[in-house]
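The exercises below are to be worked through with the sequence and the coordinates at hand. Each task is followed by a solution that proceeds step by step.

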Amino acid sequence: MLSKAVDLPPPASLPGAAASPRGNPAVRLDGVVKRFGAVTALEETWLQVEQGEFLTLLGPSGCGKTTLLNLMAGFLEADAGEIFIGGDLVTATPPYEREIGIVFQNYALFPHMSVAKNVGYGLRMRGVPKREIAERVDAALALVKLTGFADRSPRQLSGGQQQRVALARALVIRPRVLLLDEPFSALDKNLRGAMQVELKEIQRRLGVTTVFVTHDQGEALSMSDRIVVMSAGRVRQLGTPDQIYRHPQDRFVAGFIGDVNLLPGRFEACAGERATVAIRDLRREVAAGALSTCAAGAAVDVFVRPDHLGIRPAGEAGTLPAQVAALVYQGTHIDLHADLDEGGRVVVRVPGQGALATYAPGTPVGLLVPQGGLVAFPPEA
Amino acid sequence: MRRGLSTQILGISGKLLVGLILAFVVLPAFVVTLAAFNDRAILSFPPTKYSTRWFTRALTYRDFQTGLWNSLVVTAWASTIALAVGTGFAIALKRYRFRLKAGLEGVLLSPLIVPHFTIGLGLLVLATGIGAARGFPVVVLTHVIVVLPFVIRSVYISLQNIDERLELAAASLGARPGRVLGTITLPLLAPGLVSGWLFAAILSFNEFTASLFVTGQATQTLPVAMYGYVREFADPTLAAVSVIYIAVTATLLIVANTFLGLGKVLNVEQGR
């Protein structure tokens, strides 16, 4: 069960991550399954969140990421498997004994309480002495830069301020895990960026283990230590942002993370870890992983980033013939949309503004396909 | 911008129509109020000489005194019981899924469809069967049945306006279910409970049809006493009682408005 030590005041009054026995992961899911009636919201999932880690659950809506978060919080009961927090078995532990902090998308501040009462709520529930509550609430508000807002009503705060209050309220209890459920999606774009940086700073400073749920891959890539990509109730890939971005293990991940183009290709041969694919008459090497079951000559989809493609004059050797379809001005670059002679459309990211003058819609061009940075998967069934 | 004559006429007649509708809404109260101050011993309008003697008679008339007291007792019991029972049902209907939920909902809201005299008659027959006819328990029970749908709806709507994530957040912060109820759910539900109680009280205080069946001489409520009076006398005492009625109900609403805001009490405001 819970270590009561968590409740004791530490020497410093700043909130900090609760100490869990070293060596235990902050959260461990052993074969957890969740069904809603006939629908399996979360298929058998094995996952470990390390101490102090910032782990993101990323996927489209309905992928099971929120279900997973609710299971960790104790709002849902698992149909199978075990959940551990800080080494303690909590599968059947109610939320109020789990020592977790949660920030919801709409912040869920208590509307009938002041900012200070909101932040102090968890401490009052723990029977912390009044004086200490006041100190810790002050420290928590200072942490989120809301000193002086203690007596305001949540209604009087902007979205960003409400979010800080929600964060302070979750952190002040020194949770063993901080759960964030799409906390930025209600903020406008500029504020979102600033809050992301600030949250990441606070998280790093306190070293609090954080599980972050989002459908925004940019957010996931920029904030996470590791990302869990999910879809249809399954974990598709678990890895660092760079691993996820550059080495997607699965067709879904390759298509979901970042902007990506699909080139029609043909599987040629496998050689150990590497495989050769042909795109028209261009031969390229890709990771063999997903192609191991392909027969020679089978159609494969080759994924390539828009900024990895290049534009050359039509007919140049080693290029794919294509025709410019549209040019879209993006400020720092031009997105050049081109129709392949093979069929299908691709987007090429051309730095600068020169492309606008050089190419007009209808111009035949040659598409330069890079040697590396490609991944290939069998076409969708 | 200049408007055409026809637009102006339309605008004026529209305003006139709204004015007339509003006038019709307040007209009965207006006429009765004036009639109550008529010195003559018949109910007539407009009065020629003013007096407050019918108020004195209304307040000293024995049947009205017991009727008012009975009404207050029945209203207090009925709306309080209806609030307690209705809140329980509303929470059950809102938060839990169970078999026959639609059936239960139908039964609970059926007093809206079943005529009040049917309810009164049915309970009279039942109460006579067990030898409890015309006692206070039967009168209170009748009123509970009549006002319950309104209480349930009022509380249900308030519950719907409470974000369940507030309760989840409280639970994650270490609040046990009982404390979540006490510190989060009930405080946020309070306006809904007050409005539910108030609706019930006003409806019960004004309930006549069903009461006519289930009350006796000793248990008759004020509307029943008024009905008995008007069958025997035609003086403005009844109008005076009506004015007292309006004053009491208005006071209740004004008090509720002062403490909670009418928008909240009537559940027309979305804001929390």
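**Exercise 1: a hairpin in chain A**

Task: Establish how strands β9 and β10 of chain A are joined, and what the backbone does between them.

Solution: In this predicted model, strand β9 (residues 226-231) of chain A runs antiparallel to strand β10 (residues 234-239) of chain A, and five bridges join the two. Turning next to the end of β9(A), one finds that A:Ser231 has A:Arg234 as its bridge partner in β10(A). The hairpin leaves two residues between the strands, and A:Ala232 takes a positive phi near 50° there.

**Exercise 2: a helix in chain B**

Task: Compare the expected span of helix α6 of chain B with the distance between its end C-alpha atoms, then locate the kink in α6(B) and decide whether the helix is mostly covered or uncovered.

Solution: Helix α6 of chain B covers residues 136-160, which is 25 residues. The expected span is 1.5 Å times one less than the number of residues, so α6(B) should span 36 Å, and the 35 Å between its end C-alpha atoms agrees with that value. The axis nevertheless has a kink of about 45° at B:Val147, shortly before the proline B:Pro149. As for the surroundings, a residue counts as buried if 20 or more other C-beta atoms lie within 10 Å of its own; by this criterion 18 of the 25 residues of α6(B) are buried, and the helix is mostly covered.

**Exercise 3: the contact between the chains**

Task: Describe the side of chain B that touches chain A, by elements and by residue class.

Solution: Begin with the count, in which 17 residues of chain B are in contact with 18 residues of chain A. The elements of chain B that give two or more residues to this side are α7 (164-172) and α8 (177-206), and α7(B) provides the largest share, with seven residues. By class, this side of chain B divides into ten nonpolar, two polar and five charged residues.

**Exercise 4: chain A as a whole**

Task: Summarise the secondary structure, extent and burial of chain A, and say where its pLDDT stays under 50.

Solution: Chain A contains nine helices and 20 strands, and its C-alpha trace spans about 80 × 45 × 40 Å along the principal axes. Of its 381 residues, 42% are buried, while residues 24 or more positions apart account for 67% of the contacts with a separation of 6 or more. Confidence comes last: chain A averages a pLDDT of 85, with 94% of the residues scoring at least 70, but pLDDT stays under 50 over residues 1-21, for which the model has 41 contacts beyond four places in sequence.

Notes. Residues numbered from 1 in each chain as written. Chains lettered and ligands numbered in written order. Predicted model: local features only at pLDDT ≥ 70, side-chain atom pairs only at ≥ 80, totals over all residues. Contact = placed C-beta atoms within 7 Å. Helix = DSSP H or I, 4+ residues; strand = E, 2+ residues; numbered from the N terminus. Nonpolar A, V, L, I, M, F, W, Y, C, P; charged D, E, K, R; others polar. Pairing = 2+ DSSP bridges. Bend = angle between axes of the 7 residues up to and from the residue. Buried ≥ 20, exposed ≤ 12 C-beta atoms within 10 Å, placed from the backbone. pLDDT = per-residue confidence, 0-100.
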